[in-house]
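Student: Please take me on a close walk through one part of this model. I would like its surroundings described as well, so that I can follow each step on the screen.

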Amino acid sequence: MQAKNDCMEENRRSEERPIEHFAVSSGPDKEVKQIIVVTTPDWKSRQARLQAFEKAGGKWLSAFSPMPAVVGKNGFALLEDKKEGDYKSPAGIYKIGTAFGTAVKPGGVTLPYRPVTRQDYWVDDKTSPDYNTWVHYGGDPKKRWKSFERLAIPLYKYALVIRYNDNPVVPGKGSAIFMHIWRSPQSYTAGCVALSESNLLAVLRWLDPKKEPVIVQGPAAYLASYIK
């Protein structure tokens with residue numbers, strides 16, 4: 001029994017090594033001092049784990065215990081394969097954008113925070129020049145866009161923008177990629193990353209824009225390819 005337990009422990013450590021190695025590598029940029037890592041067992045899995053690392057004294061340290069998370073209904077997609085409406089989260093490294101929400105800015109959050117109103121929309125109409133942007137609009141959105149997402153919803157009580165497909169914006173490559181509150185641990189998203197409200201608040205309060213935070217996401221084996 002002990003031998004079996006030792007084997008299981010070694011398998012667990014092996015699964016974690018790509019994440020640990022990535023965190024202690026040179027990272028995406030020297031300016032980056034905070035990294036969020038979201039991993040799944042494979043490309044099709046929607047159940048994920050979120051970890052966070054911060055550079056202090058020249059060393060990468062774990063910021064808090066791993067958190068359960070969920071991603072796209074159909075798992076992850078490579079950038080070249082990602083399409084609007086595919087229900088897949090984009091794999092890769094992305095900068096963290098503004099935080100936002102229907103609630104007032106939580107105490108301790110240093111990220112820029114934008115309050116959401118009933119007139120705020122994220123445009124996913126790939127034929128519109130507003131594609132993959134946040135637009136505040138007082139008119140009838142159905143007359144302006146073929147498709148859009150209302151931001152004033154319960155899942156966006158607290159959220160942040162994952163800066164995917166924004167420089168430049170490529171029509172049809174996917175839009176409205178956020179980190180937000182999940183419906184449940186067994187749920188999924190349309191392409192975002194979601195976690196419990198309490199864990200999301202912990203992440204929001206930890207993030208420091210001065211430390212150039214990024215999110216790295218994808219299957220664990222895929223993230224291992226980033227190791228330098």
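**From an edge of the fold to its aromatic cluster**

Tutor: T39 is buried, because its relative accessible area of 6% falls under the 20% limit for that class. The model is a predicted one, and what follows should be read in that light. T39 belongs to strand β1, which covers residues 34–40, and its C-alpha lies 8.4 Å from that of V216, although 177 residues separate T39 and V216 in sequence. A contrasting position is G58, which sits in the loop between β2 (47–56) and β3 (59–62) and is exposed, since its relative accessible area is 61% and the class begins over 50%. The C-alpha atoms of G58 and K33 are 9.6 Å apart, with these positions 25 residues apart along the chain.

The part I suggest for the close look is strand β9 with its partners. Both faces of β9 are covered, for D120 and W122 on one side and Y121 and V123 on the other are all buried. In a regular strand, side chains alternate between the two faces of the sheet. Strand β9 spans residues 120–123, and it pairs with β10 in the antiparallel sense over three bridges; within that pairing, D120 has H136 of β10 as its bridge partner. Strand β9 also pairs with strand β11, residues 148–150, in the antiparallel sense and over three bridges, and here W122 stands opposite E149 of β11.

E149 leads on to the largest pocket, where it is one of the residues that lie nearest the centre, together with A176, A190, G191 and C192. This pocket has a volume of about 410 Å³ and a lining of 24 residues, which divide into ten nonpolar, seven polar and seven charged residues.

Returning to W122, we can follow the rings around it. A search of the whole structure finds 13 aromatic pairs. In one of them, the rings of F100 and W134 have centres 5.4 Å apart and planes at 75 degrees, so this pair is edge-to-face. F100 is in strand β7 (residues 92–101) and W134 in strand β10 (residues 134–136), so the contact ties together parts that lie 34 residues apart in sequence. W134 also forms a pair with W122, and this one is tilted, with 6.3 Å from centre to centre and 50 degrees between the planes. Because W122 lies in β9 and W134 in β10, that pair ties together parts twelve residues apart in sequence. F100 and W134 are both buried, and W122 is buried as well. These rings belong to one aromatic cluster, made up of F100, W122, W134, Y156 and F178.

Rings elsewhere have charged neighbours. R144 lies over the face of Y137, at 4.6 Å from the ring centre, and the charged end of K73 sits over the ring of Y87, 5.8 Å from its centre.

Next come the strands around β13. Strand β12 (residues 159–162) pairs with strand β13 (residues 178–181) in the antiparallel sense over three bridges, and A159 stands opposite H180 of β13. Strand β13 pairs in turn with strand β14 (residues 193–195), in the parallel sense and over three bridges, and in that pairing H180 stands opposite A194 of β14.

The loop between β12 and β13 deserves a careful look, since it holds both N165 and P168. A cis peptide bond joins N167 and P168, with omega at about 0 degrees. N165 has phi near 55 degrees, a positive value in a residue other than glycine, and N165 counts as buried because its relative accessible area is 10%. N165, N167 and P168 are among the residues that line the second largest pocket, whose lining also includes L79, Y94, K95 and K173. About 270 Å³ of space lies in this second pocket, and its lining has five nonpolar, two polar and four charged residues.

A last backbone feature to inspect is E212, which has a positive phi of about 50 degrees although it is not a glycine. E212 is placed in the loop between α3 (197–206) and β15 (214–219), and its relative accessibility of 41% makes it partly exposed.

Definitions and conventions:
Residues are numbered from 1 along each chain as its sequence is written. This is a predicted model: local features need pLDDT of at least 70, side-chain atom pairs count only at pLDDT 80 or more; totals for chains, interfaces and linings use all residues. Side-chain values use heavy atoms; hydrogens and water are left out. On a 1 Å grid over the protein atoms alone, a cavity is a set of points where a 1.4 Å probe fits but cannot get out, and a pocket is an open set with protein on both sides within 12 Å along at least five of seven lines; lining residues have an atom within 4 Å of a point. Grid points are joined across faces, edges and corners, and a volume is the space filled by probe spheres set on the points. Ala, Val, Leu, Ile, Met, Phe, Trp, Tyr, Cys and Pro count as nonpolar, Asp, Glu, Lys and Arg as charged, and the others, Gly among them, as polar. Rings of Phe, Tyr and Trp (its six-membered ring) pair if their centres lie within 6.5 Å; planes under 30 degrees apart count as stacked, over 60 as edge-to-face and the rest as tilted. Helices (H or I, at least four residues) and strands (E, at least two) are DSSP runs, numbered from the N terminus. Buried means under 20% relative accessible area, exposed over 50%, partly exposed in between (1.4 Å probe, protein chains only). A charge sits over a ring if NZ of Lys or CZ of Arg is within 6 Å of the ring centre and within 35 degrees of the ring normal. Two strands pair if DSSP finds at least two bridges between them.
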